[in-house]
Amino acid sequence: NQFVNDDIGRGKPKVIVPLRLIGRIGHLIIEPFLLKCIYDPAEYDIIFVTPPRGLAISQPVFDISLRDLFFVEDPHDPQMAAYNQHGKSIGTYQLDDRTIVLESVADLMVQAVEKARDGQFSYRAVLTEAELAEGMALRSAMGIPVDAKIVTLYVRDSGFFPSLEGHGVRDSSIANYIPAIKHLVDKDYYVVRLGDNKMTPLPDLGQHVIDAPFHPAYTQLVEPYFVSQSDFMIKTTSGPEALSLIFGIPSVYVNAMFTPIFLISKDDLAIFKSYYSHRYERNLSLREIAYDKEILFSCTSDSFVREQIELHENTQEDLLNVTMEMTDRMDGTYNPTPSIDERFRKLCQQINKDCSLDTSDRIYGQLEIYSFLPYLMKGQVSHEYYKSHPELLS
């Protein structure tokens with residue numbers, strides 16, 4: 001509160017929020033987006049207190065994420081240690097005409113989703129004319145025609161953020177995606193693979209496949225620009241996947257984990273990692289995962305080991321089938337099976353009810369979450385994936 005002067009903003013009620021993790025792209029993207037969905041930027045002056053902008057993992061993403069709001073850099077505590085120690089998820093406070101928001105990301109997700117209508121968020125990010133012009137230059141340098149159909153691909157692997165312990169359960173092998181990539185090329189899509197140059201490179205798959213982190217024209221605008229221009233995005237759980245959410249781009253969410261804060265929109269398709277139980281010596285159904293709340297709320301490697309669960313990533317066939325389903329849906333040629341959506345939705349509805357009755361603290365030992373976001377956002381499982389894995393909804 002002390003960093004925010006009265007003259008910051010447009011004279012509207014102030015919503016003041018600390019944004020401490022600008023070195024993690026997921027937090028940099030999602031936290032401002034969720035605040036814009038909860039508090040309409042046209043009615044409130046949303047003001048973030050941040051570490052210095054120069055510490056951001058991506059300058060273009062910083063600018064896009066904090067567009068339509070205000071920020072104040074804290075030069076005295078660049079890592080925001082005081083908030084890191086004392087300020088996590090301690091609530092929202094009203095001080096005169098100022099609202100001080102000290103919530104965890106998961107708590108903000110629940111609030112934003114509860115305000116969403118028909119599985120759609122109220123706010124969408126938009127690029128400036130200058131960013132669009134720079135993006136067109138990137139297209140030209142990478143040999144992508146102006147009118148080309150684009151699919152962006154983001155696959156978290158072991159080269160991404162290896163110091164973040166316990167999150168390797170989100171990784172998968174880029175090699176398994178090659179048949180799906182070839183299908184997209186056959187359908188006349190250009191595929192832009194996103195990430196950083198510590199990841200495993202793709203082999204040469206022709207001029208329609210751009211391994212952007214290794215391309216000489218790469219800049220930090222690549223990720224937000226190409227996602228914003230995508231027909232759809234294929235993504236795994238990691239920070240950059242949030243770009244499709246803020247731009248409103250449909251997604252194929254692969255190698256996903258079935259958790260209460262799985263943020264899948266109604267236009268997305270999801271396929272999940274297999275939860276192999278060493279206790280039962282077989283894969284678990286989604287109902288069984290949801291029944292055991294210790295498994296449902298697991299999201300790091302140590303928690304899965306503790307529950308004797310081994311996550312198996314999607315096969316090449318799984319990834320190809322869901323990609324083919326999505327391209328057929330985009331073309332209007334896919335014949336869906338309504339009963340699959342109905343079964344998945346009823347299951348999610350029951351899990352949402354169970355979460356509403358759960359009184360224990362979950363996720364990192366401090367989050368109290370009483371909603372199941374896949375239900376509230378009207379997410380859907382891939383029909384082709386279910387046909388290959390009928391035990392999923394048993």
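In the predicted model, an open sheet of 3 strands is arranged in the order β13-β12-β14, and its pairing is antiparallel. Because β13 (282–283) and β14 (309–312) stand at the edges and each has a single partner strand, one side of each is left without a neighbour in the sheet. Strand β12 (residues 274–277) runs antiparallel to β13 and is joined to it by 2 bridges, and in this pairing Y276 stands opposite N283 of β13. Strands of a sheet pair through backbone hydrogen bonds, in either the parallel or the antiparallel sense.

The loops that adjoin these strands contain residues with positive phi values. E281, found in the loop between β12 and β13, has a phi near 60 degrees, a positive value in a residue other than glycine; at 61% relative accessibility, E281 counts as exposed. Q308, which lies in the loop between α11 and β14, likewise has a positive phi near 60 degrees although it is a residue other than glycine. With a relative accessible area of 37%, Q308 is partly exposed.

Parallel pairing is found around strand β11 (residues 269–272). Strand β10 (residues 251–256) pairs with β11 in the parallel sense over 3 bridges, and V252 stands opposite L269 of β11. Strand β15 (residues 380–381) also pairs with β11 in the parallel sense, over 2 bridges, with A270 standing opposite V381 of β15. In a regular strand the side chains alternate between the two faces of the sheet. In β11, L269 and I271 point one way, whereas A270 and F272 point the other way, and all of these residues are buried.

A search of the whole structure for aromatic contacts finds 11 aromatic pairs. For Y253 and F262, the ring centres are 4.6 Å apart and the planes stand at 65 degrees, so this pair is edge-to-face, the cut-off for that class being over 60 degrees. Both Y253 and F262 are buried, and these two residues belong, together with F258, F272 and F372, to one aromatic cluster. F272 is thus named both in this cluster and among the buried residues of β11.

A further edge-to-face pair is formed by Y275 and F304, with 5.7 Å from centre to centre and 75 degrees between the planes. Because Y275 lies in strand β12 and F304 in helix α11 (residues 301–306), the pair ties together parts that are 29 residues apart in sequence. Y275 has a relative accessibility of 1% and therefore counts as buried, and F304, with a relative accessible area of 2%, is buried as well. The threshold that applies to both assignments is a relative accessible area under 20%.

The structure holds 4 cavities of 30 Å³ or more, and about 80 Å³ of space lies in the largest cavity. The lining of the largest cavity consists of F272, K273, S274, Y275, N283, L284, L286, I289, Y385, H389, E391 and L392. The elements that give two or more residues to this lining are β12 and α9 (286–291). When the lining residues of the largest cavity are sorted by class, 7 are nonpolar, 3 are polar and 2 are charged. Several residues described above recur in this lining, among them F272, Y275 and N283: F272 is a member of the aromatic cluster, Y275 pairs with F304, and N283 is the residue of β13 that stands opposite Y276.

Two lysine residues complete the description. K149 lies over the face of Y189, at 4.2 Å from the ring centre. K198 is located in the loop between β7 (189–193) and β8 (209–211) and is exposed, with a relative accessible area of 52%. Although K198 and R53 are 145 residues apart along the chain, a separation of 24 Å is found between their C-alpha atoms.

How values were computed:
Residues numbered from 1 in each chain as written. Predicted model: local features only at pLDDT ≥ 70, side-chain atom pairs only at ≥ 80, totals over all residues. Heavy atoms only, no water. Pairing = 2+ DSSP bridges. Helix = DSSP H or I, 4+ residues; strand = E, 2+ residues; numbered from the N terminus. Phe/Tyr/Trp six-rings, centres within 6.5 Å; stacked < 30°, edge-to-face > 60°. Buried < 20%, exposed > 50% of the residue type's maximum accessible area, 1.4 Å probe, protein only. Lys NZ or Arg CZ within 6 Å of the ring centre and 35° of its normal. 1 Å grid on protein atoms, 1.4 Å probe; cavity = no way out; pocket = protein on both sides within 12 Å on 5 of 7 lines; lining within 4 Å. Points joined across faces, edges and corners; volume = space filled by probe spheres on them. Nonpolar A, V, L, I, M, F, W, Y, C, P; charged D, E, K, R; others polar.
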